[in-house]
Amino acid sequence: MEVLPSFLKGKLSPIMETRLLKLRNVKLLHFLEEAVDLCEPESVYIVEGTEEDISEIRNRALLTKEETELNVKGHTIHFDHALDQARAREDTFILGDRIPFVNTKPRKEGLEEVKSILKGAMKGRVMYVGLYSLGPVGSPAQILAVQITDSPYVIHSENILYRNAYREFEGDKDFLKFIHSKGSQDVKKRRIVIDLDGVVYSVNTTYAGNSVGLKKLALRLTLNRAVREGWLSEHMAIVGLEGSNGVHYVTAAFPSGSGKTSTSMMGRLISDDLAFIMGIDGDVRAWNPEAGVFGIIQGINSKDDPIVWKVLHTPGEVIFSNVLMTPERSAYWDGSGLPEPEKGINFSGEWWKGKKDDQGKPVPPSHPNARFTVSLKSFDNLDPNYDNPNGVKIDAVIFGVRDYKTLVPIAEAFDWEHGVVTMGASMESARTSAVIGKQDEMEFNPMALLDFISVPLGKYVQNYINFGKRLRNPPKIFGVNYFLKDGDKYVNSKEDKRVWLRWVVERLEGRSKALETPIGKIPLYEDLRRLFGEALGKEYSEKDYEAQFSLRLRGYKEKYERILDIYSKIDTPKDILHIIERQIQRIEEYRKSMGDVVSPFRLKVIE
Ligand SMILES: Nc1nc2c(ncn2[C@@H]2O[C@H](COP(=O)(O)OP(=O)(O)OP(=O)(O)O)[C@@H](O)[C@H]2O)c(=O)[nH]1
Ligand SMILES: O=C([O-])CC(=O)C(=O)O
Ligand SMILES: [Mn+2]
């Protein structure tokens, strides 16, 4: 492969030509041919990932006005279209046969539609080709991926969020394939089309959750592969928690907008959003597919989030998206604790205090799903193992939800299967602004993967259970809820999660006891009082404990009846249904003898 194929003639500078031909990757050439024929770009830019490359792409994002420089060195701001501020669930399809809970489209129809929109979409534009590795290079979790896009903002984001891996593409290696075009940004023609065996297409959107292929689009592909190969590709943070016997790494699933990034800042950061998890010699090991954070900015303040606050106020590479740019060119967002500016520029254009939209609704200065994009390397709590090809050993798994009414702040499962089924597969959580559409409605969201499941759900849960069976000593599983309310007030503050995480560590090290309940094991008052003192220097009253840990058994019963109903109607293995049925039976027995709401002071200590 010494000569350039004809479809690329006139589209590559001599440097780019050398870069491409050096790889001798015929599969890559075939992919480029498809993209060039379809999108008809003026030229092609191969990203090698050198420092010059990275700064060149950042400059191009500024030149095309996809980003604007802020008044701190290295900081830029990007705006997505006012109607393109979050993941577009309704416009996202997996090609192929119907699968319950998955938005599918017949293959031929889906491909024809998206290709007709992408036809010629890059005319007069540069087509960027980013070459990355999901997971540390040389690890069992390494999966190569190629992003094609006409948006320098998208490539700039990926250079921050993923590991450039140009050299790994030498030879005929396989890779995941993503083609994105910002198109005309007509949201009516926004489509995200996922071919599980082929290319993922995304057009007429720039919001990173829809356009950055390696993030949530790749998750559908890797989840599907993981189920076929017997490992787990999850929507989870990975964090190291210090205990008396060293560091315990845990993974933590929370639906979008519900606690992954904030939990990952409570200990040693490995990952804030995604995890590849494999069984290796009987242990569980996990890797971060990513190398950066695309985090929610609303509510980030100096007291609750000192680590993120520092990153967002220090010179260095940061892309802010959909916050307010003040006349002094600084970034402002809601919940920062700073006074609201009088005016600025935001996702709706010019913004001023009191601005209303077409329907007369107030326009907030920053969008509730406004975000920051930053390399992991910028965080003071980054764990030295973040890029270790061996990953880290996982001792516990957390499944967390946003449940205002029923679930206790933390409970430990009886065992792996009980936790996987009644905590992970049974998650119900309130929708947040990370998805376009109605907010705050409770929805079924198994393992925080509702939008990303790409296999039948029963099969997915069975893979989880089988995964545990192959382990020497399966991790303990915990169910968490940071969002319980009494009336309209949260019963916990944001920092209380430190205490729940300490309890996890003490359970792993055998230093805290537990109370038996029908839904799992919960903390004792005495242990929590001690931990609130140690972790936060806070008094913890019996009244607080009772408000947080009373078992709302009627709510629990109704929840598991809904879950049983859902799983009974799809193709679910019998053993999984039995675990839910036994949970309902246990709740009913307790409820009959103890009533609808049971104070934790009436429960017995088990260990
Ligand atoms: N009330 C309350 N809010 C919290 C707590 N922890 C986090 N939040 C808020 O919940 C929102 C989402 O938290 P994140 O940790 O960013 O959620 P995430 O799971 O990383 O979300 P994605 O990045 O969309 O996947 C933010 O606005 C936080 O400020 C908590 O303990 N209590
Ligand atoms: O993908 C996104 O848009 C951001 C994110 O982390 C999520 O929604 O889970
Ligand atoms: Mn996050």
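**View 1. Ligand 2 has a shell that draws on two domains.** The shell around ligand 2 takes at least three residues from each of domain 1 (6-67 + 88-229) and domain 2 (232-293 + 384-602). Keep in mind that this is a predicted model. Start with the neighbours of ligand 2: Arg 87, Tyr 207, Gly 209, Lys 215, Lys 216, His 235, Ser 256, Asp 273, Phe 294, Arg 371 and Ala 434. Sort that shell by character and you get five charged residues, three polar and three nonpolar.

**View 2. Here are some side chains that reach oxygen atoms of ligand 2.** Zoom in on Ser 256, where a side-chain N or O atom is 2.6 Å from an oxygen atom of ligand 2. Tyr 207 puts a polar side-chain atom 2.7 Å from an oxygen atom of this ligand. For His 235, the gap between a polar side-chain atom and an oxygen atom of ligand 2 comes to 3.1 Å. So how much of ligand 2 does the protein cover? On its own, ligand 2 has 260 Å² of accessible area, and 98% of that is covered by the protein. As for its location, ligand 2 sits in the largest pocket.

**View 3. Ligand 1 is surrounded by 20 residues.** The closest of them are Gly 257, Lys 260, Thr 261, Ser 262 and Arg 371. Arg 371 also turns up in the list of residues around ligand 2. And where is ligand 1? The space that ligand 1 takes up is the largest pocket.

**View 4. Backbone and side-chain atoms both come up to oxygen atoms of ligand 1.** Look for Gly 259, with a backbone N or O atom 2.9 Å from an oxygen atom of ligand 1. Thr 261 also uses its backbone, with an N or O atom 2.8 Å from an oxygen atom of the ligand. Ser 262 uses its side chain instead, placing a polar atom 2.6 Å from an oxygen atom of ligand 1. Taken alone, ligand 1 exposes 660 Å², and the protein buries 89% of that.

**View 5. Domain 1 meets domain 3.** The chain splits into domain 1 (6-67 + 88-229), domain 2 (232-293 + 384-602) and domain 3 (294-378). How many residues of domain 1 are in contact with domain 3? There are 12, and they touch nine residues of domain 3. Taken over C-alpha atoms, the centres of domain 1 and domain 3 are 28 Å apart.

Note on methods: Residues are numbered from 1 along each chain as its sequence is written. Chains are lettered from A and ligands numbered from 1 in the order in which they are written. This is a predicted model: local features need pLDDT of at least 70, side-chain atom pairs count only at pLDDT 80 or more; totals for chains, interfaces and linings use all residues. Side-chain values use heavy atoms; hydrogens and water are left out. A residue is near a molecule or strand if one of its heavy atoms lies within 4 Å of it. A polar contact is a pair of N or O atoms within 3.5 Å; within protein, one must be able to donate a hydrogen and the other to accept it, and residues adjacent in sequence count only if both atoms are side-chain atoms. Accessible areas come from the Shrake-Rupley method with a 1.4 Å probe; for residues, only the protein chains shown count as cover. On a 1 Å grid over the protein atoms alone, a cavity is a set of points where a 1.4 Å probe fits but cannot get out, and a pocket is an open set with protein on both sides within 12 Å along at least five of seven lines; lining residues have an atom within 4 Å of a point. A molecule sits in a cavity or pocket if more than half of its atoms lie within 2 Å of its grid points. Ala, Val, Leu, Ile, Met, Phe, Trp, Tyr, Cys and Pro count as nonpolar, Asp, Glu, Lys and Arg as charged, and the others, Gly among them, as polar. Domain bounds come from an automatic or database domain assignment. Contact means heavy atoms within 4.5 Å.
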